[in-house]
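Here is a walk through one protein chain, starting from a single loop and working outwards. Keep the model open while you read.

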Amino acid sequence: MNKTASLLKPLMPILSAAYGLAVIYVTALPLADDKPSFTGEMLTWLLTLAAIALTLFLVFRVEPKVFPAAGQFPLKLPKLSVFVVLLLIAPLWLVAEEHIVYGVTSLAHSVQLKPLTCTTAELREDLLSSVHAVLLAPLLEELCFRQMAISPFRRRGVQIVVCVVMAILFGMLHVRNFPGAFLSAIIYGLVFIWSKNIWYSVTLHAGSNLAATLLAVYSWLRLGDMQMTTIPVIILPDWKVIIASLLLALAGILLLKKKR
């Protein structure tokens, strides 16, 4: 490793976070208006695709040349069964995350819960934005806040420290949802470090966002009673959702064992 790379390596978490914040800000510019539109969403999708292409080039072509250790985290796609298993486990993780955040927040101060409702207009906005939240944002965010930041480091202990630092920065990016975003980023980072494959954390991230969208549909259909808070953002699903999440996770585990 040359002198320039040695100087840049300790700065990679901050540089990756700054880069991620910049590209996310640019991709969100078409949605700056208070009234979301289909045109604005499409522009955001196109900008995000361009940002993903640029980031993939940096991760795939540039970073391994500067930091040889980055080669230990290839971008090889896993088998389809891995994607399916992670998507089946993701709803249970979302439910667990919300309850963990609720429990920790309750220790600090009283949390005022209120019934979660979803109007037709709100559902329409959620479904429109879910294309970005499920298919595009997880890949861009995981590349910026996990792959670019963690892969230059070879030692596992250093990788975990970087994972925590990036989780703090990732949580700050989500403002009102800091606790949930921080906790999720820890899990996504550890999954990335363990699997050495960014697609594992991308799939878990996308599955969690998909589950959140399905909860909005669940609320709109009035199939159950859910509670929520706004600061921080916490959604507590009812027992039917919890049981369904457990069954899906169990199906994922059985599928994993069968494939092994």
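Look for Pro 232 in the loop that links strand E2 (227-229) to strand E3 (234-236). The peptide bond leading into this proline, from Ile 231 to Pro 232, is cis, and its omega is near -10°. Bear in mind that this is a predicted model.

**Two more loop residues**

Two other loop spots have backbone angles to check. Lys 196 sits in the loop between H7 and H8, and its phi is near 55°, a positive value for a residue that isn't glycine. Arg 222 comes in the loop between H8 and E2. Here too phi is near 55°, again positive in a non-glycine residue.

How exposed is each of them, going by relative accessibility? Lys 196 has 27%, so it counts as partly exposed. Arg 222 has 76%, so it falls in the exposed class.

**The overall build**

Stepping back, the protein chain has nine helices and three strands. Read from the N terminus, the order is α-α-α-α-β-α-α-α-α-β-β-α. The radius of gyration is 19 Å, close to the 18 Å that the globule rule gives for 260 residues, so the chain is as compact as a globular protein of that length. Along the principal axes, the C-alpha atoms fill a box of roughly 60 × 45 × 40 Å.

How much of the chain is buried? Buried residues account for 43% of the 260. On the outside, the chain exposes about 14100 Å², with carbon and sulfur atoms supplying 71% of that area.

Contacts tell you about the fold's wiring. Take those between residues at least 6 apart in sequence: 74% of them join residues at least 24 apart. As for charge, there are 21 positive and 13 negative charges, and their mean positions lie 18 Å apart.

**The cores**

Now for the inside. The largest nonpolar core has 32 residues, and Val 23, Leu 140 and Phe 145 are the ones that touch the most other members. Six helices each supply at least two residues of this core: H2 (12-28), H3 (38-66), H5 (120-150), H6 (156-173), H7 (178-195) and H8 (198-220). Which helix gives the most to it? That's H5, with nine residues.

Phe 145 is a good place to zoom in. Setting aside residues up to four places away in sequence, Phe 145 touches Ala 17, Gly 20, Leu 21 and Ile 24, and also Met 166, Leu 169, Phe 170 and Leu 173. Apart from the largest core there is another one, of nine residues, which includes Val 95, Tyr 218, Met 226 and Val 241.

**Three helix residues up close**

Val 131 belongs to helix H5. With a relative accessibility of 32%, Val 131 counts as partly exposed. Beyond its neighbours up to four places away in sequence, Val 131 touches Trp 45 and Leu 136.

Ala 167 is part of helix H6. Ala 167 is buried, because its relative accessible area of 0% is under the 20% cut-off. Again leaving out residues up to four places away in sequence, Ala 167 touches Phe 182, Ala 185 and Ile 186.

His 205 is found in helix H8. His 205 is also buried, with a relative accessible area of 5%. Which residues is His 205 in contact with, leaving aside neighbours within four places in sequence? They are Pro 138, Glu 141, Glu 142, Phe 170 and Tyr 188.

Each of the three can be paired with a residue elsewhere in the chain. The table sets the separation in sequence beside the C-alpha to C-alpha distance.

| Pair | Apart in sequence | Apart in space, C-alpha to C-alpha |
|---|---|---|
| Val 131 and Thr 213 | 82 residues | 10.0 Å |
| Ala 167 and Gly 207 | 40 residues | 19 Å |
| His 205 and Thr 55 | 150 residues | 18 Å |

How values were computed: Residues numbered from 1 in each chain as written. Predicted model: local features only at pLDDT ≥ 70, side-chain atom pairs only at ≥ 80, totals over all residues. Heavy atoms only, no water. Helix = DSSP H or I, 4+ residues; strand = E, 2+ residues; numbered from the N terminus. Rg over C-alpha atoms; globule rule 2.2 N^0.38 Å. Buried < 20%, exposed > 50% of the residue type's maximum accessible area, 1.4 Å probe, protein only. Contact = heavy atoms within 4.5 Å. Areas by Shrake-Rupley, 256 points an atom, 1.4 Å probe, with all protein chains shown as cover. Lys, Arg positive; Asp, Glu negative; His and termini not counted. Charge placed at Lys NZ, Arg CZ, Asp CG, Glu CD. Core = buried A, V, L, I, M, F, W, Y, C linked by side-chain atoms within 4.5 Å.
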